[in-house]
Number of protein chains: 2
Amino acid sequence: MRANNNKAAIIGGGVIGGGWAARFLLNGWDVSIYDPDPQAERKVGEVLENARRSLPALSDVSVPEEGRLSFASSIREAVQGANWIQESVPERLEIKHATFADIQSHCAPDALIGSSTSGFKPSELQQGAAIPDQIFVAHPFNPVYLLPVIELVGVEATLLRARDVLEAIGMKPLLVRKEIDAHIADRFLEAVWREALWLIKDGVATTQEIDDVIRYGFGMRWAQMGLFETYRIAGGEAGMRHFIAQFGPCLSWPWTKLMDVPELTDELTDMIATQSDEQSGMHSIRELERIRDDNLVAMMRALKGRNWGAGALLNEYDARVAPPLPTGIDKPIETLRRVIPVDWLDYNGHMNESRYGQVFSDAGDVVMAMVGADKDYIAGGLSYFTVANEIGYLNETRLGDVIQVRTQVLEAKGKKLRLYHEMIRNADGELLATCNQLLIHVSLESRKSCEPEGEVLARITALGEAQARLPRPASMRD
Amino acid sequence: MRANNNKAAIIGGGVIGGGWAARFLLNGWDVSIYDPDPQAERKVGEVLENARRSLPALSDVSVPEEGRLSFASSIREAVQGANWIQESVPERLEIKHATFADIQSHCAPDALIGSSTSGFKPSELQQGAAIPDQIFVAHPFNPVYLLPVIELVGVEATLLRARDVLEAIGMKPLLVRKEIDAHIADRFLEAVWREALWLIKDGVATTQEIDDVIRYGFGMRWAQMGLFETYRIAGGEAGMRHFIAQFGPCLSWPWTKLMDVPELTDELTDMIATQSDEQSGMHSIRELERIRDDNLVAMMRALKGRNWGAGALLNEYDARVAPPLPTGIDKPIETLRRVIPVDWLDYNGHMNESRYGQVFSDAGDVVMAMVGADKDYIAGGLSYFTVANEIGYLNETRLGDVIQVRTQVLEAKGKKLRLYHEMIRNADGELLATCNQLLIHVSLESRKSCEPEGEVLARITALGEAQARLPRPASMRD
């Protein structure tokens with residue numbers, strides 16, 4: 001992947017500067033960092049460590065070849081040969097001016113000089129500069145190595161070059177049309193922050209309650225559609241104009257402590273409705289609802305895997321509603337019954353082959369739990385690992401299908417456990433797939449195979465003996 | 001899953017009422033809807049259709065058995081025997097008062113009566129009621145069948161009973177400490193909405209730009225940690241107090257059009273810092289950073305599967321940086337090289353067995369693309385389906401491992417394609433897993449097998465013949 005001789009100079013190596021350094025470095029750029037703080041190398045190292053364990057895994061096709069990282073002893077040394085120079089020094093205008101003067105006396109005249117400033121306008125940053133047009137706002141969001149959006153403010157010709165660079169390293173540059181204090185995003189963050197301070201001061205809510213109302217609610221919507229596309233849906237087929245007509249009156253109500261409100265003239269309503277049509281008009285409201293719902297399901301299920309926020313809530317729910325473990329050991333075991341979610345589909349419009357492995361893995365877990373090899377047992381350092389799977393794909397599985405898995409123990413002797421699973425669609429009884437799964441009991445400490453302990457050994461052996469008396473599943477005899 | 005005789009009465013069947021109906025119904029409650037609108041049944045039906053295709057798939061263990069749905073011809077009929085009555089009529093106080101009067105003359109005295117109002121306070125709703133304490137605010141967020149948070153405002157004894165009900169149906173009730181206009185969340189939404197109107201009116205940004213700055217940026221953070229936990233991380237090890245000291249001065253700057261600002265007294269700073277410690281103090285900042293990053297990676301990868309927002313951006317990036325397709329056909333093919341992401345791990349702390357299937361499925365896709373069976377070919381109605389996989393798990397795969405897959409074509413004749421994959425860890429050359437994959441060429445229209453067409457058939461046959469001359473992979477001979 002490394003196919004350039006690009007160099008970025010990072011001036012100021014805190015969390016933001018370190019994030020920029022990681023973004024460039026992991027996209028194959030050489031990076032030189034200047035920061036007079038003696039702790040800078042350690043601090044940047046910590047950010048880089050976080051970035052290396054997360055950013056590369058966003059791609060399904062590439063493995064970044066990192067550029068060279070160096071720490072410079074002066075701005076002069078850092079900016080030598082740099083195509084992009086990123087200033088992330090403290091938010092004081094006189095420090096920024098001195099930094100830009102130092103940068104511009106040593107950098108190439110066509111180098112791009114971005115500033116991470118949250119609040120200053122480019123015209124303020126450019127005051128007294130040798131080449132004012134070279135300096136622009138490139139405002140990132142923490143963590144810079146993961147969140148893609150960058151607000152670009154400055155002279156258009158410069159910004160267009162900056163945009164190309166940022167797009168090439170996977171970011172989402174946004175050219176801001178007019179310079180204003182705090183650009184765009186921080187105006188929202190500041191409005192919310194001010195409102196939050198009032199709620200806490202007035203004893204209406206705690207920090208936890210405010211965070212919960214966001215992350216279990218509108219925060220999930222904003223992660224995928226933002227504000228206007230979300231409200232477009234709320235307006236229904238009548239669209240944005242209807243939404244504004246319906247909720248416009250709230251503007252004059254005391255729904256916020258922050259009361260300077262624009263007048264909802266016909267002109268402003270027209271502007272919003274027209275822009276919203278351009279943005280989302282290619283989808284009907286019905287389509288937007290389904291896109292939104294699929295996004296929400298996929299994100300909430302992703303958080304389920306992390307056991308966090310809305311995902312942790314789903315795990316608690318599952319624990320509460322899960323059926324009791326199967327008990328009868330002298331017949332095939334009904335190990336699973338579930339619905340096929342949208343995040344399991346692939347480009348063929350059916351369940352991806354890998355998710356059959358997920359279903360059978362989950363079914364195997366139920367057998368383990370039946371014999372006492374459950375979460376506590378695993379926490380105690382013992383588990384079963386799958387060593388071989390033979391999956392036969394017999395029929396397609398689709399979104400929303402309710403499926404069940406019937407499992408038979410073929411062999412359970414000592415550390416060896418062989419299961420045979422049949423996955424069946426509820427609606428029509430169709431056999432969708434089969435799996436011959438071989439598991440081996442292991443110590444999670446040594447990562448080596450070993451015999452199950454006491455109770456588990458006794459129960460798995462009994463289960464194996466009872467199941468050995470059953471006829472082979474019909475689908476195995478084919 | 002259906003283990004109750006609970007009944008919910010839904011008064012007002014729009015998008016919000018329909019969402020409530022779906023939430024109860026899909027959790028096994030009987031639901032009776034009253035709405036004088038002759039279109040109500042159709043409208044609720046549309047919401048239910050959306051809910052049925054998304055809500056059940058949030059669970060990995062349960063399949064909801066739906067309650068009975070009916071449409072009542074009067075409030076009296078709807079509330080008969082109902083434990084929960086939810087009012088979602090238009091936001092006009094006189095309509096709400098009349099509705100509550102009708103409800104209370106016919107419902108059980110211990111029924112819970114929630115209102116979906118965005119703006120009214122419970123004291124306003126309760127004016128003139130027969131049993132004021134029975135009525136409370138239960139404010140949901142659209143789509144009600146997916147977003148879990150509910151703001152509860154009213155008399156505590158009633159709210160505690162309401163909380164139990166909502167938790168049982170998978171929601172996240174939040175007891176609001178004091179009644180204020182617009183409760184909590186809508187104060188934020190309103191503040192952001194007002195700020196957004198100014199930005200559009202002043203020509204600073206369009207609806208699309210505002211949505212992008214949110215969904216590619218802080219919206220992703222808010223979906224998982226909200227406002228304060230996010231800022232706690234920004235404060236670093238010095239914590240919330242440091243963050244406030246650092247960013248407090250912005251409050252007096254013109255960063256928003258909305259300028260009524262609370263004074264940051266020591267007392268308010270203490271309140272926030274203490275609450276934040278209680279909320280997040282069990283994790284170090286380092287831990288919070290990793291939790292945040294893992295959440296972001298998992299959510300962005302989930303959106304990648306939906307090809308939407310931050311996920312669509314990742315897909316564009318992948319398309320740009322993907323290595324060229326392998327060309328040499330007379331040696332084993334290097335089909336894949338990638339990093340193992342956090343959403344592929346399981347409770348054993350290693351890559352889940354199902355994800356090996358994903359890796360080999362992706363490797364098979366590369367062979368397909370090599371012979372011209374690529375996205376366009378699939379869009380044209382032809383593809384390969386996997387019909388059998390034999391996976392051998394030889395070594396564990398861990399977060400961040402760089403792996404590659406070496407693929408050999410064992411057989412390529414007509415519609416039959418057999419591949420053998422070896423998955424290897426880059427760092428130590430360790431063989432992690434093998435897969436014997438049998439694919440069959442199919443028509444996506446008839447979903448039946450058929451011969452590949454022209455060019456693809458020629459190329460796959462040539463590939464098969466060239467590869468047949470290679471020795472069998474070493475791992476196959478074991």
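## A two-chain model, from one loop residue to the interface

At 26% relative accessibility, B:Arg447 counts as partly exposed. In this predicted model, B:Arg447 sits in the loop between strand E13 (431–443) and helix H16 (454–468) of chain B. Its backbone deserves a look: B:Arg447 is not a glycine, yet has a positive phi of about 55°.

B:His183 offers another example, again with a positive phi of about 55° and again not a glycine. This histidine belongs to the loop between strand E8 (172–175) and helix H7 (185–201) of chain B. B:His183 counts as buried because its relative accessibility is 1%, with the cut-off for buried set at under 20%.

Let's turn to the peptide bonds. Each row below gives a cis bond and the loop that holds its proline.

| Peptide bond | Omega | Loop holding the proline |
|---|---|---|
| A:Asn142 to A:Pro143, cis | near 0° | between strand E6 (135–139) and strand E7 (149–153) of chain A |
| B:Asn142 to B:Pro143, cis | near 0° | between strand E6 (135–139) and strand E7 (149–153) of chain B |

How are the two chains arranged? A turn of 180° with a shift of 0.0 Å along the axis lays chain B on chain A with an RMSD of 0.1 Å. That is why the relation is one of a two-fold axis. Both copies use the same surface, as 99% of the contact residues of chain B recur in chain A.

The contact draws 175 residues from chain B and 174 residues from chain A. Between them the chains bury about 17200 Å², with 61% of this area on carbon and sulfur atoms. Across the interface there are 78 residue pairs in polar contact and 20 salt bridges. One salt bridge joins the side chains of B:Arg290 and A:Glu49, at 3.0 Å from N to O. Helix H12 (residues 285–306) of chain B supplies 18 residues, the largest share of the side of chain B that touches chain A.

Now for a charged residue at this contact: A:Asp211, in helix H8 (residues 207–222) of chain A. Across the interface, A:Asp211 touches B:Met225, B:Gly226, B:Leu227, B:Phe228, B:Glu229 and B:Gln279. Which side chain of opposite charge is nearest to A:Asp211? It is A:Arg215, 6.2 Å away, and A:Asp211 is buried without a salt bridge.

Finally, A:Gly81 lies in the loop between helix H3 (75–79) and strand E4 (84–87) of chain A. With a relative accessible area of 61%, A:Gly81 is exposed. A:Gly81 and A:His106 are 25 residues apart in sequence, with their C-alpha atoms 9.4 Å apart in space.

Definitions and conventions
Residues are numbered from 1 along each chain as its sequence is written. Chains are lettered from A and ligands numbered from 1 in the order in which they are written. This is a predicted model: local features need pLDDT of at least 70, side-chain atom pairs count only at pLDDT 80 or more; totals for chains, interfaces and linings use all residues. Side-chain values use heavy atoms; hydrogens and water are left out. Copies are superposed by least squares on the C-alpha atoms of residues with pLDDT of at least 70 in both. Contact means heavy atoms within 4.5 Å. Helices (H or I, at least four residues) and strands (E, at least two) are DSSP runs, numbered from the N terminus. Buried means under 20% relative accessible area, exposed over 50%, partly exposed in between (1.4 Å probe, protein chains only). Lys and Arg count as positive and Asp and Glu as negative; His and the chain ends are not counted. A salt bridge is a side-chain nitrogen of Lys or Arg within 4 Å of a carboxyl oxygen of Asp or Glu. Buried area is the accessible area (1.4 Å probe) that two parts lose on being put together, summed over both. A polar contact is a pair of N or O atoms within 3.5 Å; within protein, one must be able to donate a hydrogen and the other to accept it, and residues adjacent in sequence count only if both atoms are side-chain atoms. Lists of a residue's contacts leave out its neighbours within four places in sequence.
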